[in-house]
Amino acid sequence: MLIFRYASYLSNRQHKHNQRKIAGGNMDFDFTSSEDTYTLWEEIILRGWRQAKLPEGKRFLGSFVIEKDTSNQLLRIVGENLRSHLKKEGNITYSSLCASFDVRQNWIKIITAALSEYAYYYSSSEQGFWEGFCDCQYELNGKKRQLIKIPYSQGIANTLREISKEGTRLLGLVKAKHGYTYVSTLWLQSGIPHKNLHHFATLLQEIANEYGWWELSHTNEQLLSQELLDFCIERHPQWSTLIGFLKISYSNTEKVEPISGQLVQGIASVALELERNQENPEILRDVNQRESRLSNYYLPKHFFLRDWDNLIQVITRTQRRGSSYLRTIKPRKKPLSLVLDIFNTGNIQLVLPEQNLREPKWSALFGRYCHIPDFISGSIWEGNIPHSNSEFLSISEQIINLRSMETQWRLRLLAHDKSELIFWCQEGITDALPCLIFDANIGTHISLDTANPVISKTNEVICFVPKHIKLKLNNEIDILSSYVPCSISGWYGQHIQLLSHNSEIALIQSGQNSPILIAWQISDKKQPVLRGLKIKGRKEIYTEAPTFWHPPTSQDLSFNISVENLTSQEITARTSVEILTGDRWQSISLMPMISTSGKYLVRFWNENLRYSYSFELKSLHMMSEASNFSDLQVFNGQGDIVESLPIQCDRLEQFWAETITIRGLWTLEKVTLILSNGKDPISCLACADKSGTISISLSTLYGKLSDSNWYALNFHRSGMETQRLIELTPTQLITCDWSNTAIYLSGLQSNQDYSLICWNLLAPHHESERIRVQNQEQNTIAVPLSLNTGIYHIQIQGRSLQDLGCWCGSNQNDLPILANEDDDLANYCYTILGNESNQSFIAASQKLAINRQRIESMLSSLQTSPYYFPEWLSHDSLLKKLETFLIDRKTVSISRSDDSEFASPSLTAQRKLPPRTLPQPIALFTNKQPAKWYLVQTKSPKARNTFQAHLKILRTQEDIDELIVEVGFPDSRDYPDYVLVRLNDYEQGCEYLRQINGFKTIEPKPPSIAQVNKMLGRE
């Protein structure tokens, strides 16, 4: 016996009786009878359809969720009626079915539901959809049982298409934008096909291990759908059916329903809630418990899942692993947008949002220069194509002030040879609608349909038109400013406000009789709003916790509230509130729920309504001018300046004997010192003297805490992040054992977080993978090594870095994924996997950018630490290869690796740079124009020092003083991450500068001599 899943189905006794008959096959339904089709659709199927009341085009038919045996009986009923009609009429056409079956058309809805069930349970890519439906059968007790059993023909297939088309319209279902018009829509109704749930569970397990539940639950559903598709194609290209479903859920050109993103977002949210409540995922197997809990969670609006069994195992296996090493899903290609900068310049601007790009066709351009030119000359952005298809090309937000009008604005990303890699378009002005309209409150552009222009959602706009066009307004529109300057030449604007619910704006053009009319309509329905003290600007930044205001309501409402700190990745508050019937706005203050600065997501929801708000809270005491701890100077007890914090001590007496001096504070500034032993921290205030200096003697704090083998002293300025000053890290070696799938760690400290740092010799230019160690306070902890194919050097990072050894768990014929796209990398891997000669290895390695320090570290580990290699991998052969590599590369180039971004200049200075291939040899510049100054931006203020040291080495070793004539350093207070360089040749100088560690970009336009003198303080 089978019943529908939801408790609401069980309220009607006759309804339950009918279900028993259907599931048991004891009840026949004749589609020529209006009473029978009404009973089957209205009283049985429709009552269990959760999304029946959603807007048309937003409904998924699979959300009524019936068990498989009831689904089989539904298919059997449809088959009996189609066979009966075929026997009576001799054929099956849409017109003959309409003439014979129920005129109310419930039969169309029932057959559409049956087609949807067939798509979920039985359809496969091996057999045509319509042919498979006609021959649909299932296995019971080892025997095949027919369900539909009608002869297949092209005519019958066309009839089923017509039924599906009309059923989709009658039911208001979501339609697929890609694939087959009708089949893809039917596949979409139930989400992941039943046959592919184990594939989907595997994919979910992998992507959760990669990103974590928090990231998945907070990623935009469209972006998440794109990442799922890319992830599946990259990891499992053979899963064609699942990939087909994922393709239906994503498009970069059309607006589609991102069902795969919603599904994963919802599952991740459920996993986080279970973790927060410390509940076992197994409770989701019980229908009543599952529905009870899901109703209290904030899930995507259209979220539903037909089968939880496979995914419960995924949620159980995948525990949250923290945010310190999990990757984030980067925003992909985003469109251009128009904005009006109402907060500062008043200019109309074209904005290219921050985004991350990658294309397989870029493989021939790895490491090459690329840029985005502006509309006149020069570039608005410059960079380099990443060195592999697994990396993204990151483009920061770019803003262009518009000075002229176009029918279309277009930006292009160009390669070094000026070939177009990608483009962005923003539609401009047409003769049919010669105006630009912006929301006067936030400056967003209001896009209008040329055929039927309507302004909605705001009652205050700024409308810009050419000067030869006049605005004609009626009494329902108030003019707040009759003239608003426009950055576009020959245009002007008016700031206007709608006083009623609807009106219209007329654009009067000289020489034309008929004006252009723009309707302005505002809905009477009021929406909740968030209000509070905000910092001026487009971003939602409050100086105090805001207040949620709900409009008047005619009925009592209950809302769940959750407050999530996006900075610390935790739910900081969960509660519920009542909104009472009344004719006034009612307020809910968030002040009791938010007490610290940070980025927040606040959600209000009940069964029918949901509102969410993202914003940032900044204390009035936070000062951006003093936000960097690096502006201060820290000295140890010997009077030496401390270059890197925290100060590390390995002996208890060394820690308590230390004296720390901090200079550069404000006069008499009070700061907080926090002393911790990992259990009970204590804090105290310290006050700077009149010169802004504080001296801290650790001995004065001795005895304040209970005995421990670990101590740390932290330092906190008001409105800023806490900085660790000094830390005791006693040398306690961690020991390990290996297997082909895991590492077993002993000696971990219970109050310490650990991560494994795993560097892959077979992907030497790729960043290390990190695995968070779940410290369970056991003597020995097993950590699964779920790593990509490779030979790994593994270290453990706690309060200090310790070497563990080398490990390989893959087969001899396996290659890393990156090698599939890079022939040089594949050749390099083969020399190691095949235990080829050292000479072959050196020849292959010379074509790759391999960090010498990584090889040195791995070689040292192979010589002194335990390792785990399969039989095919020779330890001695690998050892010889690495030794030969270091001998061959006695000189090393300035590394581009992030691992050595802040490497010691003194260490780098002892090495020489290898010869580089430049476009042309550098000549003397005696007959050329005088050298010009250029402004170089480094990756960070700290990177400026690294860049300076490496640039000095470069000029000395490469003897290029004729090219890079002079280097200057602007005042660090005004230009903390900039360096001035004087070049005799811009292009050749850039070739060298881009190779220096810490380099970010160089301004193509030289500053004036007056500007240079001012920056260098020569005035």
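L668 is an exposed residue in this predicted model, with a relative accessible area of 56%, which puts L668 past the 50% cut-off for that label. If you look for L668 along the chain, you will find it in the loop between strand 30 (659–663) and strand 31 (670–676). Its backbone deserves a glance too: phi of L668 is near 60 degrees, a positive value in a residue other than glycine. As background, most residues other than glycine have a negative phi.

K457 lets you look at a positive phi in another loop. Here phi is near 75 degrees, again in a residue that is not glycine. K457 sits in the loop between strand 13 (454–455) and strand 14 (460–466). Is K457 buried or exposed? With a relative accessible area of 84%, K457 is exposed.

Strand 31, which follows the loop of L668, also takes us into a sheet. This sheet is open and has 5 strands in the order 29-35-34-31-32, with mixed pairing. Strand 29 (647–649) and strand 32 (682–687) are at the edges; each has a single partner strand, so one side of each is left without a neighbour in the sheet. On average, neighbouring strands of this sheet are turned by 20 degrees against each other, direction ignored. Within the sheet, strand 34 (residues 712–716) and strand 35 (residues 723–728) run antiparallel and are joined by 4 bridges. To pick out a bridge on screen, start from N714, whose partner in strand 35 is R724. In general, strands of a sheet pair through backbone hydrogen bonds, either parallel or antiparallel.

Let us turn to the aromatic rings. The structure holds 28 aromatic pairs. One of them joins F101 and W107: the ring centres are 5.2 Å apart and the planes stand at 75 degrees, so the pair is edge-to-face. F101 counts as buried at 5% relative accessibility, and W107 is buried with a relative accessible area of 1%. Y118 and F129 also form an edge-to-face pair, because their ring centres lie 5.2 Å apart with the planes at 75 degrees. Y118 belongs to helix 5 (residues 106–121) and F129 to helix 6 (residues 129–134), so this pair ties together parts that are 11 residues apart in sequence. Both Y118 and F129 are buried. Ring pairs also link Y118 and F129 into a cluster with Y120, Y121, Y122, W130 and F133.

Rings meet charges as well. The charged end of K333 sits over the ring of F423, 5.4 Å from its centre. Likewise, the charged end of R717 is placed over the ring of W666, at 5.8 Å from the ring centre.

For a buried residue in a strand, try L411, in strand 10 (residues 408–415). Its relative accessible area is 1%, so L411 is buried. The C-alpha atoms of L411 and I380 are 9.9 Å apart, while the two residues are separated by 31 residues along the chain.

Finally, consider the enclosed spaces. The structure holds 6 cavities of 30 Å³ or more, and the largest has a volume of about 120 Å³. This largest cavity is lined by 15 residues, of which S269, E273, E564, I571 and R603 are the closest to its centre. Which element gives the most to the lining of the largest cavity? That is helix 13, with 3 residues. The elements that give two or more residues include helix 10 (213–217), strand 23 (557–565), strand 24 (570–579) and strand 26 (598–605).

Conventions: Residues numbered from 1 in each chain as written. Predicted model: local features only at pLDDT ≥ 70, side-chain atom pairs only at ≥ 80, totals over all residues. Heavy atoms only, no water. Pairing = 2+ DSSP bridges. Axes fitted to C-alpha atoms, helices over the stretch in contact; angles between N-to-C directions. Phe/Tyr/Trp six-rings, centres within 6.5 Å; stacked < 30°, edge-to-face > 60°. Buried < 20%, exposed > 50% of the residue type's maximum accessible area, 1.4 Å probe, protein only. Lys NZ or Arg CZ within 6 Å of the ring centre and 35° of its normal. 1 Å grid on protein atoms, 1.4 Å probe; cavity = no way out; pocket = protein on both sides within 12 Å on 5 of 7 lines; lining within 4 Å. Points joined across faces, edges and corners; volume = space filled by probe spheres on them.
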